Amino acid sequence: MNTVIHKAATRGVANHGWLNSHHTFSFANYHNPDRMNFGVLRVLNDDIVQAGMGFGTHPHQNMEIISIPLEGDLEHKDSMGNVAVIKEGDVQVLSAGTGITHSEYNKNKDKEVKFLQIWVFPKEKDLTPRYDQISIREISEENKFYQVLSPNKDDQGVWINQDAWFHIGKFEKGNSDEYKIKKEGNGVYAFILEGEVEIDGEKLSKRDGMGIWDTNSITVKATENARVLLMEVPMSV
């Protein structure tokens, strides 16, 4: 087993007033040659957008972009004609393919919106762009990991153009679950959304990240009430 740990306080920070963003990997003005990606996981941004503010229309190409709201309402518009609001309990994917433009705004005028913006390199390039959004409220489970993203459109959760699987787990203190790697050669990046956990002997707190590879499984134990996002991805870009 190989591991890498990124403590919350070591992330890159960009505070633009309307946007306060923490970057686990190099992004925009934050550049760290030792933290460019974890396999095909290229971007993990922890964003807080002020009331009524947001990202104006901008382009993407050949990237799988996943948004997971943690608090508040985020309005999405894109060049395919999609207009949607995503909120805590939803997962959104934008498969940019040959190219797309979109905007994201805080729908509310009186409170912040907090969300994770995740970019994954695609398995195939120049595919037709695609948008998908689901509610994960109906599939959530207590004290175990449940799937919210996969490579298969007929599987649970949203699907993307990559051999990646995302799972979320909400655990009460003292509970644990084993996660088994689904594809040989993949690694798992664990991001602690809330609380404190122990992963194979390593203690992690809110917004810490840990990458694990060259293993068949990992065990996550909640040492306090916790919520964890697991992102299994290919390690070769």
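**View 1. Strand β9 pairs with β12 at one side of an open sheet.** Six bridges join β9 (residues 90-95) to β12, and the two strands run antiparallel. Val93 has Asp132 as its bridge partner in β12. The model is predicted: local features need pLDDT of at least 70, side-chain atom pairs count only at pLDDT 80 or more, and totals for chains, interfaces and linings use all residues. Residues are numbered from 1 along each chain as its sequence is written, and side-chain values use heavy atoms, with hydrogens and water left out. Strands here are DSSP runs of E, at least two residues long, numbered from the N terminus. Two strands pair if DSSP finds at least two bridges between them.

**View 2. Seven strands make up the open sheet.** Their order is β2-β3-β4-β11-β6-β9-β12, with antiparallel pairing. The edges are β2 (12-15) and β12 (130-135), each pairing on one side only. From one strand to the next, the twist averages 15 degrees. Axes are lines fitted to C-alpha atoms, and angles run from 0 to 180 degrees between N-to-C directions. Strands of a sheet pair through backbone hydrogen bonds, either parallel or antiparallel.

**View 3. Strand β10 has antiparallel partners in β5 and β7.** β5 (residues 54-60) pairs with β10 over five bridges. Pro59 has Thr101 as its bridge partner in β10. Five bridges also join β7 to β10. There, His76 is matched with Glu104 of β10. Five of the seven residues of β10 (residues 100-106) are buried, so the strand is largely enclosed by the rest of the structure. Buried means under 20% relative accessible area, exposed over 50%, and partly exposed in between (1.4 Å probe, protein chains only).

**View 4. Asp46 and Arg11 form a salt bridge.** The N to O distance is 3.1 Å. A salt bridge is a side-chain nitrogen of Lys or Arg within 4 Å of a carboxyl oxygen of Asp or Glu. The structure holds 15 of these salt bridges. Asp46 sits in strand β4 (residues 41-49), and Arg11 in the loop between β1 (2-6) and β2. The pair links distant parts of the chain, 35 residues apart. Asp46 is buried at 7% relative accessibility. Arg11 is buried at 9%.

**View 5. Lys114 meets Glu71 in a salt bridge between strands β11 and β6.** The side chains come to 3.9 Å, N to O. Lys114 lies in β11 (residues 113-120) and Glu71 in β6 (residues 64-71), so the pair ties together parts that are 43 residues apart in sequence. Lys114 is partly exposed, with a relative accessible area of 23%. Glu71 is partly exposed too, at 40%.

**View 6. Asp73 and Lys87 join strands β7 and β8 through a salt bridge.** The N to O distance is 4.0 Å. Asp73 belongs to β7 (residues 73-78) and Lys87 to β8 (residues 83-87), 14 residues apart. Asp73 is buried, with a relative accessible area of 15%, whereas Lys87 is partly exposed at 36%. Elsewhere, salt bridges that share partners join Arg11, Asp46, Glu194, Lys206 and Arg207 into one network.

**View 7. The largest nonpolar core has 28 residues.** A nonpolar core is a set of buried Ala, Val, Leu, Ile, Met, Phe, Trp, Tyr and Cys residues joined through side-chain atoms within 4.5 Å. Leu41, Ile66, Ile118, Phe166, Leu229 and Met231 have the most contacts inside this core. β4, β6, β9, β11, β13 (145-150), β15 (165-171), β17 (186-194) and β22 (226-234) each supply at least two of its residues. Ile66 touches residues including Val91, Val93, Leu116, Ile118, Leu149 and Phe166, not counting residues up to four places away in sequence. Contact means heavy atoms within 4.5 Å. A second, separate core of 19 residues includes Tyr179, Ile181, Leu204 and Met210.

**View 8. Gly211 is a buried residue of strand β20.** β20 spans residues 209-213. The relative accessible area of Gly211 is 0%. Gly211 touches Asn2, Thr3, Val4, Phe38, Val188 and Tyr189, not counting residues up to four places away in sequence. Gly39 is 172 residues from Gly211 in sequence, and their C-alpha atoms are 9.6 Å apart.

Technical notes: Helices (H or I, at least four residues) and strands (E, at least two) are DSSP runs, numbered from the N terminus.
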